[in-house]
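Hi,

Here is the structure I said I'd pass along. Have a look first, and my notes on the inside of the protein come after.

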Amino acid sequence: MIHRKASLDEYARGLLFEPLGIVDPAWQFTPRGVPMTGGGLGLRSQDLLAFAELYRNDGRAGDRQIVPARWVEASIRPHAQIDDTTEYGYLWWLKNYTAGDRSFAAFYMSGSGGNRVTVVPGLGMVVVLTTTNFGRRDAHPLADRLLTEHVLPAVLAIPRE
C-alpha cells in the first residue's frame, strides 16, 4: 500500500513498476536524496518494453488498468510542433516513419546515445533499441535509420495470414 507521503520512487514502485514486473529500477538522486525525474532512470530493455506495451494497450497491463486510458491518449497526442516531421506529446515524441512505400504513425521515448523505445500502433509493435552511441552527434538519426532501413522492412517482409 502506498501512503500519501511516499517518496516518488516508492510511489512509482507500488503503482507502476511492480504491476509491470519492473524490478530494481536504477534511480539517480539529488544530494538531498530526492529521486531525479528529468532523465537518467536506468531500466532493463524488458522493463522499457513493459512500459511501452502499457501505452500500446491504452494503459492496461493484462486485465488491470494501470494508467488511465484518457491520460495515455492525451500523452500521445501532439501538443507541440518540434520541426517539420516531429511533434511532442506528454513525454512522448510523435513521428511518421516510412519503410518502402508505407508510412506508419509512431510515438517514442528517446534516451541518450540514441536509445529509443518506439510504439507503432498500426503494426501492433514495440521496438526497443539500446545503443552505446554516447557522445555521437548523429546517435538519434542512427536510431531512426535502424528503424526505417532494417526493423520496419524486416517486419513488413514477414508473411501475413
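Below is what turned up in the core and in the largest pocket.

One thing to keep in mind: this is a predicted model.

Let's start with the packing. The largest nonpolar core has 22 residues, and the members touching the most others are L16, L20, F51, L54, Y55, V67 and W92. At least two residues of this core come from each of α1 (8-20), α2 (45-56), β6 (102-110) and β7 (116-120). Of these, α2 gives the largest share, with 6 residues.

F51 is worth clicking on. Setting aside neighbours within four places in sequence, F51 is in contact with L16, L20, W92 and M109. There is also a second core, separate from that one, with 13 residues, including A99, A106, Y108 and V127.

Now the pocket. The largest one holds about 1,300 Å³ of space. Its lining runs to 36 residues, and those nearest the centre are L41, L43, F51, L91 and M109. So F51 and M109, which contact each other, both show up again in that central group. Two or more lining residues come from each of α1, α2, α3 (69-75), β6 and β7, and the largest share, 6 residues, belongs to α1.

What is the lining made of, in terms of nonpolar, polar and charged residues? The split is 24 nonpolar, 11 polar and 1 charged.

If you open the model, F51 is a handy place to begin, as a residue of the largest core that also lies by the centre of the largest pocket.

Cheers

How values were computed: Residues are numbered from 1 along each chain as its sequence is written. This is a predicted model: local features need pLDDT of at least 70, side-chain atom pairs count only at pLDDT 80 or more; totals for chains, interfaces and linings use all residues. Side-chain values use heavy atoms; hydrogens and water are left out. A nonpolar core is a set of buried Ala, Val, Leu, Ile, Met, Phe, Trp, Tyr and Cys residues joined through side-chain atoms within 4.5 Å. Buried means under 20% relative accessible area, exposed over 50%, partly exposed in between (1.4 Å probe, protein chains only). Helices (H or I, at least four residues) and strands (E, at least two) are DSSP runs, numbered from the N terminus. Contact means heavy atoms within 4.5 Å. On a 1 Å grid over the protein atoms alone, a cavity is a set of points where a 1.4 Å probe fits but cannot get out, and a pocket is an open set with protein on both sides within 12 Å along at least five of seven lines; lining residues have an atom within 4 Å of a point. Grid points are joined across faces, edges and corners, and a volume is the space filled by probe spheres set on the points. Ala, Val, Leu, Ile, Met, Phe, Trp, Tyr, Cys and Pro count as nonpolar, Asp, Glu, Lys and Arg as charged, and the others, Gly among them, as polar.
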